[in-house]
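Here's a walk through the empty spaces and the helix packing in this model. Keep the 3D view open while you read.

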Amino acid sequence: GATGTVTGSKYLLSGYGRRVLIDCGLFQGYKQLRLRNWSRLPVDPSQIHAIVLTHAHLDHSGYLPLLAREGYHGPVYCTPATRDLCGILLPDSGYLQEEDARYANKRGFSKHKPALPLYTEADARRSLKLLRTVSYGRPTDLGGGLEFEFLPAGHILGSAMVLLRGPHGSILFSGDLGRPHDLLMRAPARVRQADHLVVESTYGDRTHSTEDAGEALATIVDRTAGRGGVVLVPAFAVGRTQILLHLIHRLKSSGRIPQDMPVFLNSPMAVDATLIFRAHLGEHRLDPQECEATCRVARFVNTVEESIALNALREPAIIIAASGMATGGRVLHHLKAFAPHARNTILFSGYQAGGTRGASMLAGARSIRIHGQEIPVNAEVDMLDMLSAHADADEILDWLGGFEQPPRTTFITHGEPAAADALRLRIEHGRGWSCQVPDYLEEVPLQL
């Protein structure tokens, strides 16, 4: 997975009598990609000896419940924060899939009779029993002469690069690479040597805006409030939500936006993730006081009834709701309520994979399909691209500068084709490294 797309991350390393899966992610976005989630893997899950997760986002961890249900019973290695976040993300994913199936069956808009979830909440909770925590910088034996080590990736809480060593060489999986000056996360670790490198390229063909994020957010909030509208933010529950809450706290404290403007966090998962930040203070930039203030800036919405009531809002407010690319969850019901009206703003704050509703709206779509209905999009649609948790092309190139000698091969993955190829050209021409952009299910021999 994660070849020709930014989702479905899965890398299978076979050798020395071992099969190790790096990441176990869901495909998202275009239907032809999502259909891959329903196809059997080209390897029997029971024949995989270990799984190593780079981080908890569903495009890296969300296939685990299905793999476990299909026969995988080995260890799933991850950092302590990734374990805590998977503890909320995976059950929520199963619950939402069950809810979507129930809603489709109730309204009759699915082509499948009956519509079924990919996996259930119960499947997800069972898979959590496989998680085994490993701290950063601690070599861990995988058997067969293989070992791995987690290095901080700076993308979200608990995110890691995976440095895997064999008897004759090493390979580094970057996972999702964070940014050197992120508002929340500390910079990714610098790596001096790896014989092979698998690096992400989500933003391999662009650079992020240098505009001040707080000022950009305040301007959008002011403009929307002046129309009497609601700012609806589809946000990733882990990482982006916490940055937004921190920015809103700073803007209210400075008087840049009204202190009495209501802010609603309508995602039980994001609420839990925000609280988890308190338990891992050493991994991010917020001190205990800032962490507490960030947690208090929004009203936490827990019940379905409270969520439904928000759709009746007719006064300026900010609603943050999962999911970040508007692929599911409570934000869909808010979009049905707020997208048709020009006074409101739909504000995105992270990468929108091709084929998602978020990508369509940012491309100017005048309607989006939700629950079998075409919903008009008359609201303002905007983007805070400077809040991305992914390194941009310049930042990736700067991070590569930490290598004391080029890897034998650099594999460029986790990017749309244009982004991956643009990064390939910059690395080949700028650094003279040997690069490849792999295809789906491609096999490559390595000396490890």
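Strands here are DSSP runs of E with at least two residues, numbered from the N terminus. That numbering is what we need for the second largest pocket, where strand 1 (11-15), strand 2 (18-22), strand 9 (169-173) and strand 19 (409-413) each supply at least two lining residues. Bear in mind that this is a predicted model.

**The second largest pocket**

How much space lies in the second largest pocket? About 1000 Å³. Its lining runs to 37 residues, and the closest to the pocket centre are Tyr11, Leu12, Leu13, Glu442 and Glu443. Strand 1 gives the most to this lining, with 5 residues. Sorted by class, the lining of the second largest pocket comes out as 22 nonpolar, 8 polar and 7 charged residues.

**Closed cavities**

Now for the spaces that a probe can't leave. There are 3 cavities of 30 Å³ or more, and here are two of them.

| Cavity | Volume | Top contributor to the lining |
|---|---|---|
| Largest | about 60 Å³ | strand 10 (residues 196-200), 3 residues |
| Second largest | about 40 Å³ | helix 9, 3 residues |

The largest cavity has 14 lining residues, and those nearest its centre are Tyr11, Ser174, Gly175, Val198 and Thr413. Tyr11 is a name to remember, since it is also listed among the residues closest to the centre of the second largest pocket. As for chemistry, the lining of the largest cavity divides into 5 nonpolar, 7 polar and 2 charged residues.

Which residues line the second largest cavity? They are Leu184, Gln242, Thr274, Phe277, Leu286, Cys291, Thr294 and Cys295. Helix 8 and helix 9 (288-296) are the elements that give two or more residues to this lining. The class split for the second largest cavity is 5 nonpolar, 3 polar and no charged residues.

**Helix 7 and its neighbours**

Some of those cavity names come back when we look at how the helices pack. Helix 7 (residues 240-253) and helix 8 (residues 268-279) have their axes 9 Å apart and pack at an angle of about 75°. Angles of 65 to 115 degrees count as roughly perpendicular, so helix 7 is roughly perpendicular to helix 8. On the helix 7 side the contact uses Thr241, Gln242 and Leu245, which meet Ala270, Ala273, Thr274 and Phe277 of helix 8. By class, that contact holds 4 nonpolar, 3 polar and no charged residues. Gln242, Thr274 and Phe277 take part in this contact, and they also appear in the lining of the second largest cavity.

Helix 7 has another partner in helix 6 (residues 213-226): the two axes come within 10 Å and cross at roughly 75°. That angle makes helix 6 roughly perpendicular to helix 7. Here the contact is built from Ala213, Gly214, Leu217 and Ala218 of helix 6, together with Leu247, Ile248 and Leu251 of helix 7. The classes in this contact are 6 nonpolar, 1 polar and no charged residues.

**Helix 13 against helix 14**

What about the pair further along the chain? The axes of helix 13 (residues 393-400) and helix 14 (residues 417-431) come within 11 Å, crossing at roughly 40°. Because of that angle, helix 13 is oblique to helix 14. The crossing of helix 13 past helix 14 is right-handed. Helix 13 brings Ala393, Asp394, Ile396, Leu397 and Leu400 to the contact, while helix 14 brings Leu423, Arg426, Ile427 and Arg431. In class terms, this contact of helix 13 with helix 14 has 6 nonpolar, no polar and 3 charged residues.

Notes:
Residues numbered from 1 in each chain as written. Predicted model: local features only at pLDDT ≥ 70, side-chain atom pairs only at ≥ 80, totals over all residues. Heavy atoms only, no water. 1 Å grid on protein atoms, 1.4 Å probe; cavity = no way out; pocket = protein on both sides within 12 Å on 5 of 7 lines; lining within 4 Å. Points joined across faces, edges and corners; volume = space filled by probe spheres on them. Helix = DSSP H or I, 4+ residues; strand = E, 2+ residues; numbered from the N terminus. Nonpolar A, V, L, I, M, F, W, Y, C, P; charged D, E, K, R; others polar. Axes fitted to C-alpha atoms, helices over the stretch in contact; angles between N-to-C directions. Parallel < 35°, antiparallel > 145°, perpendicular 65-115°, else oblique. Left-handed = near helix turned anticlockwise from the far one by under 90°. Contact = heavy atoms within 4.5 Å.
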